[in-house]
Amino acid sequence: MIFRTLAAAGRKARLFSTDQYKSVPRETADAVVIGAGVVGIAVARELAVKHGREVLVIESGPTFGTGSSSRNSEVIHAGIYYPSNSLKALFCVRGRQLLYKYCKEHDIPHKQIGKLIVATGSSEIPKLNALISRGIDNGVEGLRMMDGQEAKRLEPELHCTKALLSPASGIIDSHSFMLSLLGEAESHGAIVSYGSTVTGGKYEEGCLQLYVSESPTLKNRDEKSPLKSDLILTPRLVVNSAGLGALALSKRILCLDDETIIPKPYFARGCYFTLSNVKNPPFDHLIYPVPEDGGLGVHVTLDLNGQVRFGPDVEWIEGVDDISTFLNLFDYSVPGYRANRFYPEIRKYYPCLKDGSLEPGYAGIRPKLSGAMQGPTDFVIQGDDTHGIPGLVNLLGIESPGLTSSLAIAEHVTARLSR
């Protein structure tokens, strides 16, 4: 909890005699990062290691990376899909370069296995042509188009009309990566307070105050009772990297209900299934269909042990309340019947997939800034030029390629805060 964390750091909570918060402890801090996902940890490491800041990471969960950071495909993306000069394109290309370099220097398990994006019918070929043009514009190296026969020689189990080869794509052990980043940050004085939730804030008299509650208390509270804070924290710098809860939190901090500044949140749930009853993996590369509404389609990923996974699908979630996003109270179960939707999608490019060979794997939630049939959106990185609060940066809609982009986002955010 945050009180024990601060005490361990040699700090003492100081009481302020205000009528409204007379019994609530108050504390000051230098730099606060909200959320210990891969992006939050990368920002904390950048602030502590390269900028010498005293960093406090506040995480609602019991450990780091329990949200989207540990429930994704663990793919290192090349930077093909995103509009030129978008934040996703810029950060993905830069982040990929930084990520491969970091993995090599710190012995993080990873492998540059390459990706094939496939068109399984002639109607999809224009989309594939658009992707290679976009990838080249974004500075992605080594992209090459190949016909179906050439792709089949590369991957004998693959069926396609045409394929785009991206040799720069790869896979990574995301847990080892986050553990390394966190270790670096902590070795330079960063502190992580697990089981602590930032539920809102207030900007007054030139200071931003954060309202912090202990997560178990928040989870077990009576919903009819008013939300109470266990601590009021006044930091110099704040990075809202709360992932699934970032939009709700920014709205509570800024006390605004303006969708031109704080977009409406959307949540897309995706399930993964693993391939069983197969002695050897059918593919050596990542295999992706052309992108679909809400995601990149049900694709083939491999982990570093050779386990084949298919996913994710897209299921839009409605009616999510703020506290559920803060505490990650989503349903992550994978119903077996959802495999019935996977088989026909996978067989478009892997026709030899046998009935009964898909087993439930895991599920993840993507924090999105657009809903069904609304088209993709870019990352949103808000500073005081948008919301008017000095020292506050909101990271909104950090979905894929967030893992690949994490080091580049951290580099950008800390440079922005330094200015």
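# Exercises on a predicted model

In this predicted model, 7 of the 8 residues of strand β12 (residues 207–214) are buried, so the strand is largely enclosed by the rest of the structure. The exercises start there.

## Exercise 1: Strand β12 and its partners

Task: Find which strands pair with β12, and state the sense of each pairing.

Solution.

Step 1. Take strand β11 (residues 196–204). It pairs with β12 in the antiparallel sense, over 8 bridges.

Step 2. Look at the link between these two strands. β11 and β12 form a hairpin, with 2 residues between them. Glu205 sits in the turn and has a positive phi of about 55°.

Step 3. Take strand β13 (residues 231–240). It runs antiparallel to β12, and 3 bridges join the two.

Step 4. Use Leu210 to fix the register. Gly201 stands opposite Leu210 of β12. Leu210 also stands opposite Leu233 in β13.

## Exercise 2: Confidence

Task: State the average pLDDT of the protein chain, then locate a stretch where the pLDDT is below 50.

Solution.

Step 1. The average for the protein chain is 92, and 94% of the residues score at least 70.

Step 2. The pLDDT falls below 50 over residues 9–20. Beyond near neighbours in sequence, this stretch has 19 contacts in the model.

## Exercise 3: Salt bridges across the sequence

Task: Count the salt bridges, then place the Asp30–Arg236 and Glu411–Arg94 pairs in the fold.

Solution.

Step 1. With N and O within 4 Å as the criterion, the count comes to 20 salt bridges.

Step 2. Asp30 forms a salt bridge with Arg236; their closest N and O atoms are 3.9 Å apart. Asp30 lies in strand β2 (residues 25–34) and Arg236 in strand β13, so this pair ties together parts that are 206 residues apart in sequence.

Step 3. Check accessibility at both ends. Asp30 has 10% relative accessibility, so it counts as buried. Arg236 has 60%, so it counts as exposed.

Step 4. Turn to Glu411 and Arg94. Their side chains meet in a salt bridge at 2.8 Å, N to O. Glu411 belongs to helix α12 (residues 402–418) and Arg94 to helix α3 (residues 87–106), so the pair ties together parts that are 317 residues apart in sequence.

Step 5. Repeat the accessibility check. Glu411 is partly exposed, with a relative accessible area of 29%. Arg94 counts as partly exposed at 36%.

## Exercise 4: One more pair and a network

Task: Classify the exposure of Arg347 and Asp355, then list the residues of a salt-bridge network that includes Lys50.

Solution.

Step 1. The side chains of Arg347 and Asp355 meet in a salt bridge, 2.6 Å from N to O.

Step 2. Arg347 is partly exposed, with a relative accessible area of 29%. Asp355 is at 63% relative accessibility, so it counts as exposed.

Step 3. The network links Arg45, Glu46, Lys50 and Glu184.

## Exercise 5: The second largest pocket

Task: Give the volume and lining of the second largest pocket, and name strands that contribute to the lining.

Solution.

Step 1. The volume is about 200 Å³.

Step 2. Lining residues run from Lys264 through Pro265, Tyr266 and Phe267, then Trp316, Ile317, Glu318, Gly319 and Val320, and finally Gly371 and Ala372.

Step 3. Map these onto strands. β14 (266–275) and β18 (315–317) each supply at least two residues of the lining.

## Exercise 6: Backbone exceptions

Task: Locate the cis peptide bonds before Pro312 and Pro401, then place Glu74 and Asp107, which have a positive phi.

Solution.

Step 1. Recall the background. Most residues other than glycine have a negative phi, and most peptide bonds are trans.

Step 2. A cis bond joins Gly311 and Pro312, with omega about -10°. Pro312 lies in the loop between β17 (308–311) and β18.

Step 3. Another cis bond joins Ser400 and Pro401, with omega about 10°. Pro401 is in the loop between β21 (392–396) and α12.

Step 4. Glu74 is not a glycine, yet has a positive phi of about 55°. Its loop runs between β3 (55–59) and β4 (75–76). Glu74 is buried, with a relative accessible area of 17%.

Step 5. Asp107 is not a glycine either, and has a positive phi of about 55°. Asp107 lies in the loop between α3 and β5 (110–111). With a relative accessible area of 68%, Asp107 is exposed.

Notes. Residues numbered from 1 in each chain as written. Predicted model: local features only at pLDDT ≥ 70, side-chain atom pairs only at ≥ 80, totals over all residues. Heavy atoms only, no water. Buried < 20%, exposed > 50% of the residue type's maximum accessible area, 1.4 Å probe, protein only. Helix = DSSP H or I, 4+ residues; strand = E, 2+ residues; numbered from the N terminus. Pairing = 2+ DSSP bridges. pLDDT = per-residue confidence, 0-100. Contact = heavy atoms within 4.5 Å. 1 Å grid on protein atoms, 1.4 Å probe; cavity = no way out; pocket = protein on both sides within 12 Å on 5 of 7 lines; lining within 4 Å. Points joined across faces, edges and corners; volume = space filled by probe spheres on them.
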